[in-house]
Amino acid sequence: MKKFLLTIPAFLFFYYCNAQQTFQLAPPMLKYHSVFFKTSEMVLMQFAQPATNIFFTLNGKEPTQNDSHYNKPIEIRKSFTTLKAKVFGDGFLPSETVTVTFIKDGLKIKSVEATQPNEKYPGNGPQTLFDNEGGMSNNQSKNFMGYQTDSVVINVSLEKKQKITAVLLDFLRDHGSWIFLPQSIRVYYFDDTKNEFQFLTGKEINPDSSQQSSATVFEKLNTDKKVVSDKIKIVLKPLSSIPAWHPGKEQHGWMFIDEIKIY
Amino acid sequence: MQRRNFIKNSSLTMAALMVKPNFPFTQDTILGQGNKRYKIDTKWSQADVAKYPVNDCHEMIQDKKGRILLLTNETHNNVLIYDKKGKILDSWGHEYPGAHGLTLFDENGTEVLFICDNKRHQVIKTTIDGRVLMVLDYPKETGQYTQAEEYIPTETAITPNGDIYVADGYGKDFIMHYDASGKLINYFGGRGTEEKHLLNAHGVCLDYRNGGEPVLIVTSRQQNAFKRYNLAGEFINTISLPGAWVCRPVIKGDYLYSAVLQSNSRLWQHSGFVTILDKNYKVVSNLAGSEPNYIDGKPDEMYQTIKCFSYPHDVCIDDEENLYIAQWNSDKVYPYKLIPVV
């Protein structure tokens, strides 16, 4: 018996010494046209590594092996659906979670006029901002208009006068490429009775030093004012002085925007 | 739909739990597919970091004595010489701050090295123990360069008669062709919109596998491809490798090996792997990467699946078919060894 008890630590020690490194799986590969959609969006997921499985949720919760197992493309129909997907496999640490929020089209936009972007990142002109294309974190993508100016003004004309409840702006955050969210967003609506723009909603944003990887970030600004209009003016202030924790400290940050939605 | 999946799946998980206890440490991680599968040893190098530091580990070769030579841009010791067990045998070199490309050439029975230094903007030919034999400056005779800084050579390939091909992979993407004495004969490639043009011509090698005159294989890394040319620099064809930021091609036996710096789907997120192509340039195995799949003769997009490499930069295959993987920008990690699974 004593001998047997001794073999247990010996056995464990043996295994400890021979323990192989446990590696983490890479995140699953997601394929979709755009996070912005008119009626629905198909999402394909891939992970060509035998004996692994992709699990996902659509309720914003962290996927576990008790959640849905991916086996065929999924169709997203509901706006602001957040897909979270993760790979699990025996002998490996589960992957990081991939998170994507899909956003449905809002009120019909007739046209957009915007401050001229930097010549290196012109996007596809002002229609870039309402083409339902984007949400991919590739800063070389033509979906983004890039700015390094102090102020960016975007005038949005709707197809008709409508009640406005929210404004959504989609940005790229890629601190490694000196691309930050704007430090301030201010939204105005055109008031016919006063014949001038009135403040609707706004937000101030401080750069978050914990955000390392490149991602698109949407800012949805709601309003409880009962406003009816067909003209919206958005004034964005790209980060004028990069904070001290970044290698580009005190320099002007970049701002990349790819989509605007009015609800 | 999701509920059905959930049920099916949870019963599968349950079944799996019942039959198979989960002891990850009892099994080695196997990388790759088919008959190109490997076990990984991340602790192969026995180098003492205080004595033999590395920065980026760029490229590796094996000499005819069986020693493994590593080129790093750490000027404390630009070249580390290992035995196959990972023991340091020797080191040399302090004058290569941009040490990047390392090519071995057997010059009438004597092995010599060609180092591409992308900070010095030069190619340096040395003896195996580091004595400088020849220095090639920037190729102003091409008329394509006005100053040395525009030329950032990354790799060389040497023909049996000593002709030198240099890839300006971080400069203007031209391939320079010199004779053995260093006289420029020709140049080709460069950037542009045609298929013969290159984008990030990171590597070059000679392919003798099909007999006859060897063919040059040049990396066009940002295009996720290799491009083939004859020795006169005439374009032959493209080998498209979607998703794979391939570094230099390395040929051993019937196979072509290449470190993939990163996956196109996850740029600058430590998403590298290693790819192996057969004689017909078909991907047969991705080590820590997606299982190769061809649809109508075209490879599916490839990507990292296991995070065991960060930014692999070169593969060296030794005389026993073991692989050594050098990595760029990966926390100054020493090379890993991969041992074939038979």
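This report walks through the overall form of chain A, two of the sheets, and the nonpolar cores of a predicted model.

## Chain A as a whole

Let's start with the broad view. Chain A contains one helix and 15 strands. Its radius of gyration is 24 Å, well over the 18 Å that the globule rule gives for 263 residues, so chain A is more spread out than a compact globule. You can follow this along the principal axes, where the C-alpha trace of chain A spans about 95 × 45 × 35 Å.

How many of the 263 residues of chain A count as buried, as a percentage? The share is 33%. As for contacts in chain A between residues at least 6 apart in sequence, 70% of them link residues at least 24 apart.

## A three-stranded sheet in chain A

If you would like a sheet to find on screen, try the open one in chain A, whose three strands come in the order S1-S3-S6 with antiparallel pairing. Its edges are strand S1 (29-31) and strand S6 (74-76) of chain A, each of which pairs on one side only. On average, neighbouring strands of this sheet are turned by 30 degrees against each other, direction ignored.

Strand S3 of chain A covers residues 41-46 and pairs with S6(A) in the antiparallel sense through three bridges. A handy residue pair to look up here is A:Val43 and its bridge partner in S6(A), A:Ile74.

## A five-stranded sheet in chain B

Chain B has an open sheet of five strands, in the order S1-S2-S28-S27-S26, and the pairing is again antiparallel. Which strands form its edges? They are strand S1 (30-33) and strand S26 (312-317) of chain B, each pairing on one side only. From one strand to the next, the twist averages 30 degrees.

Within this order, strand S2 (residues 36-41) of chain B is joined by four bridges to strand S28 (residues 336-340) of chain B, and the two run antiparallel. Here B:Tyr38 stands opposite B:Pro340 in S28(B).

## The nonpolar cores

The largest nonpolar core has 105 residues, and those with the most contacts inside it include B:Leu70, B:Ile115, B:Val218 and B:Val315. Strand S21 (residues 255-263) of chain B gives this core its largest share, five residues. Apart from this core lies another, of 30 residues, including A:Phe144, A:Ile154, A:Leu172 and A:Phe180.

For a closer look at one core residue, take B:Leu70. Setting aside neighbours within four places in sequence, B:Leu70 is in contact with B:Cys57, B:Met60, B:Val79, B:Leu80, B:Tyr82, B:Ala326 and B:Pro335.

Key
Residues are numbered from 1 along each chain as its sequence is written. Chains are lettered from A and ligands numbered from 1 in the order in which they are written. This is a predicted model: local features need pLDDT of at least 70, side-chain atom pairs count only at pLDDT 80 or more; totals for chains, interfaces and linings use all residues. Two strands pair if DSSP finds at least two bridges between them. Axes are lines fitted to C-alpha atoms, for helices over the stretch in contact, and angles run from 0 to 180 degrees between N-to-C directions. A nonpolar core is a set of buried Ala, Val, Leu, Ile, Met, Phe, Trp, Tyr and Cys residues joined through C-beta atoms within 7 Å. A residue is buried if 20 or more other C-beta atoms lie within 10 Å of its own, exposed if 12 or fewer, and partly exposed in between; C-beta atoms are placed from the backbone. Two residues are in contact if their C-beta atoms, placed from the backbone, lie within 7 Å. The radius of gyration is taken over C-alpha atoms; the globule rule is 2.2 Å times the number of residues to the power 0.38.
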